[in-house]
Amino acid sequence: MTKSLSVAGEVDSYCTKCRMDLNHRIVSMKGTKPHQVMCLTCNTQHLFRAPGGAATAKTPRAAGTRASRPPSAAQAKLEQARADRELTWQKAIAGRAMGDFTPYKMSGIFEEGQLVNHKKFGDGIVVRIVDANKLEVLFQDESRTLAHSQAS
Ligand SMILES: [Zn+2]
């Protein structure tokens with residue numbers, strides 16, 4: 001028993017905008033098959049495309065097409081690390097009050113997990129005390145090693 005499809009019903013279709021299989025609302029039918037569908041995620045209306053790439057059997061792997069070169073594994077790893085770092089940063093910073101951030105000063109003494117505000121780099125969190133005079137602070141773009149406990 002397959003559930004019968006009809007206009008205003010829902011169907012899985014490949015969304016040409018979201019570029020993935022998503023739930024769509026059927027806008028019009030062609031015989032027993034959906035013709036036009038609307039993506040419930042991005043609200044874009046487009047022609048029905050069977051999910052799973054079944055309808056798009058041709059996946060050109062051969063040369064000749066101006067295929068965008070896939071990023072190298074190393075590059076992908078770097079990207080992933082960057083994304084992870086930013087997520088960690090966002091989690092640490094999210095919902096914090098201004099008062100939770102200690103203005104960064106070279107003469108200050110910091111500890112792991114402390115929130116700091118750097119004049120130039122912005123908000124960050126101390127992720128590691130490197131040694132008595134150095135600490136690693138995670139900022140939005142990257143983590144930096146800063147000095148602390150420096151007599152000024
Ligand atoms: Zn979509």
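In the predicted model, 14% of the 152 residues of the protein chain count as buried. Among contacts in the protein chain with a separation of 6 or more, 26% are accounted for by residues 24 or more positions apart. The secondary structure of the protein chain consists of 1 helix and 9 strands. Their order from the N terminus is β-β-β-β-α-β-β-β-β-β, with the helix placed after four strands and followed by five.

Helix α1 covers residues 73-93. Because a rise of 1.5 Å a residue is expected, its 21 residues should span 30 Å, and the end C-alpha atoms are indeed 30 Å apart, in agreement with that value. The helix is hardly covered, as the count of buried residues among its 21 residues is 1. Just after α1, Gly95 adopts a positive phi of about 70°.

The largest nonpolar core was examined next. It comprises 10 residues, namely Trp89, Tyr104, Val116, Ile125, Val126, Leu135, Val137, Leu138, Phe139 and Leu146. Two or more residues each come from β7 (122-131) and β8 (134-139). The most are given by β8, which contributes 4 residues to this core. In soluble globular proteins, nonpolar side chains tend to be buried together.

Trp89 belongs to this core and lies within the residue range of α1. When residues up to four places away in sequence are not counted, Trp89 touches Ile125, Leu138 and Gln140. Of these partners, Ile125 and Leu138 are also members of the core. Ile125 falls within the range of β7 and Leu138 within that of β8.

Note on methods: Residues are numbered from 1 along each chain as its sequence is written. This is a predicted model: local features need pLDDT of at least 70, side-chain atom pairs count only at pLDDT 80 or more; totals for chains, interfaces and linings use all residues. A residue is buried if 20 or more other C-beta atoms lie within 10 Å of its own, exposed if 12 or fewer, and partly exposed in between; C-beta atoms are placed from the backbone. Two residues are in contact if their C-beta atoms, placed from the backbone, lie within 7 Å. The expected span of a helix is 1.5 Å times one less than its number of residues. A nonpolar core is a set of buried Ala, Val, Leu, Ile, Met, Phe, Trp, Tyr and Cys residues joined through C-beta atoms within 7 Å.
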